[in-house]
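Work through the exercises below with the sequence and the structure open. Try each task before reading its solution.

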Amino acid sequence: MKARRVKGLDPDGALADNAERIVRVRLDELCGFMPAAADPDEVVALHDMRIAAKRLRYILEVTGPCFGPYAQKATKMVKNLQDLLGEIHDCDVQIPETAAFAAQLQADDAAALRAAAGDADDLDPALLKQAPHAREHAGLAALQTHLRARRLLLFDRFLELWGDYERKGFRARLEYAVAERSGASIGAP
Amino acid sequence: MAKAQDIDVEPSEPFRLAAARVVRVRTAELFEYGDGVLDTRDIERVHDMRVASRRLRAVLEIFAPCFPPSEYKGILRDVKQLADALGERRDPDVHIDALQDFSRALSAANKPGVARLIDEQRARQTRGNEALAATLERVHERGLHERLLALAEAAEAAVA
């Protein structure tokens, strides 16, 4: 996912003024993935939301001290979100990889059994024991079930975590934190 | 896990000055983690270096307007390539670790399939390590460390 361009950055301007612009855009990017990412089948939206979380985390990691205590807290919140989305992404990568690996072993076994059957009229089920990967299929099936179940669980945790952030006013509080800093720097009372 | 060094920043300091200081710190972190990164017996080393590469890439992108564009583009590309190579090594490390944990909870009848997949991931890890070795060599040849420091210097020198 390409990052949205941040307009108005000034290399000679104050760090906090520039950081505020970046934080606002990155925060908007992150929050913009909801509600699309609340659909468990929206794998791409979830992946992009993880990237957006990473970008927000890194700007807060460096410039958080400019924006007071809530920005420091928000850094940890975004890291927790990013980590959870990363775990879901790992499942989304590993589920098809494991399925493809299992399918390849099955195809290899099918070819080997076909060769072993020679010119028989039909395939003898007893030949299955001779399949090169006969002992390996069960574990791979168990692994696929585990990964799917884990993905379901982690996704539920993601919805809970995001719901918790919304209840706590994560976006509004972070926007307030950067706005407060902005007001102070221009001499506001 | 690699913890980023806290960097003192002043809200009112020029963006360029902060850029120079932050890039120097993140560059030092990246290259500190280079020792032993190709040793597959300790997978935390490549993890730490990968995280450091991501942080460096992130700060290069954050402070992009502070750097001379021509030097910046090539450096960012090289940092991305290094981060990608570290990722190609790290992904099988993580997968192997998770599969080993999973296998411990399995009955004997289910272990062979997972062991087979671990073997597959070990082969991927070896290929990833070879690619990483080549990338690290290229990073050295292209003087990435020195170019990053020069980039920070250029940002600092341009302060009005």
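**Exercise 1. Place B:Ala20 in its chain and decide whether B:Ala20 is buried or exposed.**

Solution. Start with the element: B:Ala20 sits in helix 1 of chain B. Helices here are DSSP runs of H or I with at least four residues, strands are E runs of at least two, and both are numbered from the N terminus. Next, count neighbours. B:Ala20 is buried because it has 23 C-beta neighbours inside 10 Å. The cut-offs are 20 or more other C-beta atoms within 10 Å for buried, 12 or fewer for exposed, and partly exposed in between, with C-beta atoms placed from the backbone. Then list the partners. Leaving aside neighbours within four places in sequence, B:Ala20 is in contact with B:Ala152, B:Ala155 and B:Glu156. Contact requires C-beta atoms, placed from the backbone, to lie within 7 Å. Finally, take B:Leu148: 128 residues separate B:Ala20 from B:Leu148 in sequence, but their C-alpha atoms are 9.7 Å apart.

This is a predicted model; local features need pLDDT of at least 70, side-chain atom pairs count only at pLDDT 80 or more, and totals for chains, interfaces and linings use all residues. Residues are numbered from 1 along each chain as its sequence is written, while chains are lettered from A and ligands numbered from 1 in the order in which they are written.

**Exercise 2. Classify B:Gly74 by its C-beta neighbours.**

Solution. B:Gly74 belongs to helix 3 of chain B. It has 13 C-beta neighbours inside 10 Å, so B:Gly74 is partly exposed. Now look along the chain: B:Arg147 is 73 residues away from B:Gly74, and the two C-alpha atoms are separated by 9.6 Å.

**Exercise 3. Compare the span of helix 2 of chain A with the expected value.**

Solution. Helix 2 of chain A has 21 residues. The expected span is 1.5 Å times one less than the number of residues. That gives 30 Å, and the model has 31 Å from first C-alpha to last, which is close. As for burial, 15 of the 21 residues are buried, so the helix is mostly covered.

**Exercise 4. Describe how helix 2 of chain A meets helix 2 of chain B.**

Solution. Two packed helices are described by the angle between their axes and the distance between the axes. Here the axes come within 10 Å and cross at roughly 80°. Helix 2 of chain A is therefore roughly perpendicular to helix 2 of chain B. Angles of 65 to 115 degrees count as roughly perpendicular, under 35 as roughly parallel, over 145 as roughly antiparallel, and the rest as oblique. Chain A contributes A:Arg55, A:Tyr58, A:Ile59 and A:Val62; chain B contributes B:Arg55, B:Ala58, B:Val59 and B:Ile62. By class, this contact has six nonpolar, no polar and two charged residues. Nonpolar means Ala, Val, Leu, Ile, Met, Phe, Trp, Tyr, Cys and Pro; charged means Asp, Glu, Lys and Arg; the others, Gly among them, are polar.

**Exercise 5. How many residues of chain B are in contact with chain A, and which element gives the largest share?**

Solution. Count first: 32 residues of chain B are in contact with 33 residues of chain A. Helices 1, 2, 3 and 4 of chain B each give two or more residues to this side. Helix 4 of chain B gives the largest share, seven residues. By class, the side of chain B that touches chain A has 20 nonpolar, four polar and eight charged residues.

How values were computed
Axes fitted to C-alpha atoms, helices over the stretch in contact; angles between N-to-C directions. Contact = placed C-beta atoms within 7 Å.
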